[in-house]
Amino acid sequence: MKIIAIYNIKGGVGKTSTAVNLAYIAAQDGYQTLVWDLDPQGASSFYFRIKPKVKGGSKDLIAGKRNIEDLIKGTDFENLDLLPADFSFRNLDLVLDSRKKPTQQLQKRLKPLAREYDFIFLDCPPNISLLSEAVFKAADIILSPLIPTTLSLRTLEQLKEFIHNNELSNLKLLPFFSMVDRRKKMHQEMLQSIPEYHPDMLNTAIPYASDIERMGLQRMPLGGFVTKSKSTQAYNSLWQEVQEKL
Ligand SMILES: Nc1ncnc2c1ncn2[C@@H]1O[C@H](COP(=O)(O)OP(=O)(O)OP(=O)(O)O)[C@@H](O)[C@H]1O
Ligand SMILES: [Mg+2]
């Protein structure tokens, strides 16, 4: 089992779209795949048309009072399951903080799933919090979408510093460009210059594209309603790169 967290301190950068689409591709490839929607907004639950509701909420979940397998829902797609969000996830930080070794709790809850899943994608809320620390502890890879702007670059540097200061050296941080609009001069410039300072950036850039935006109307992963496009190709290539790093 490999755990891939889709994470960025910033909001609205394409985390959920990435989690949903990569999970779909992995499942299509025949891998047993789970998406855990950790964001109380419930966006990935929405994309899979599953009610963002977890019996017992964040408290029972983190306390291990419920069998995690019982909370998982099947999606409309083969090999692809979802652990939905719940509005109580807005308190995940408080719930984690109330426990001993808060940053180890997520890892602990995920452990029993190793038998069943090849890949688990964590769709993380934005911000840097205790939950993020628990995510960093649990994940094998942090996949981080980056919109090519100066501010995004700053948050990437903050994240790197955080990982460094917290001695999370085993954690693989893989940033990649997201929502790239090649008509924008700033995007073009950043695409050229950033990899020089951050050689760990993946080569794939996800374009700003209307079919990706349409996932919200279709309420399904891109591959569910588009057979082949620049966007599906970009997500396929991103998945190839991620697998090579595992
Ligand atoms: N490559 C893209 N091209 C066009 N629109 C996109 C692209 N990626 C995401 N979007 C749209 O941008 C919005 C934000 O995307 P998404 O929900 O994936 O980001 P997020 O980082 O998960 O946001 P949040 O921080 O709120 O969880 C959504 O409406 C989504 O449809
Ligand atoms: Mg999201």
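These questions and answers cover ligand 1 and the pockets of a predicted model.

Local features need pLDDT of at least 70 and side-chain atom pairs pLDDT 80 or more, while totals for chains, interfaces and linings use all residues. Residues are numbered from 1 along each chain as its sequence is written, chains are lettered from A and ligands numbered from 1 in written order, and side-chain values use heavy atoms, without hydrogens and water.

Me: Which residues come nearest to ligand 1?
Reply: A residue is near if one of its heavy atoms lies within 4 Å. There are 18 residues around ligand 1. Those that come nearest are Gly12, Lys15, Thr16, Ser17 and Pro207.

Me: Which residue has a polar backbone atom 2.9 Å from a nitrogen atom of ligand 1?
Reply: A polar contact is a pair of N or O atoms within 3.5 Å. Oxygen atoms of ligand 1 pair with the side chain of Lys15 at 2.7 Å and with the backbone of Thr16 at 2.8 Å. The nitrogen atom's partner is Ala209.

Me: What share of the area of ligand 1 does the protein bury?
Reply: Accessible areas come from the Shrake-Rupley method with a 1.4 Å probe. Taken alone, ligand 1 exposes 620 Å². The protein buries 82%.

Me: Which element gives the most to the shell around ligand 1?
Reply: Elements are DSSP runs: helices (H or I) of at least four residues, strands (E) of at least two. Two or more shell residues come from each of α1 (15-28), β8 (205-207) and α10 (210-213). With three residues, the top contributor is α1.

Me: How much space lies in the largest pocket?
Reply: A pocket is an open set of points on a 1 Å grid over the protein atoms alone, where a 1.4 Å probe fits, with protein on both sides within 12 Å along at least five of seven lines; lining residues have an atom within 4 Å of a point. Ligand 1 takes the space of the largest pocket. Its lining counts 24 residues, with Gly12, Val13, Gly14, Ser17 and Met179 nearest the centre. The volume, filled by probe spheres set on the points, is about 440 Å³.

Me: Which element gives the most to the lining of the second largest pocket?
Reply: This pocket holds about 190 Å³. Its lining includes Asn21, Tyr24, Leu222 and Tyr235. Two elements, α1 and α12 (230-245), give two or more residues. With four residues, the leader is α1.

Terms used. Polar contact = N/O pair within 3.5 Å; in protein donor to acceptor, adjacent residues only side chain to side chain. Sits in = over half its atoms within 2 Å of the grid points.
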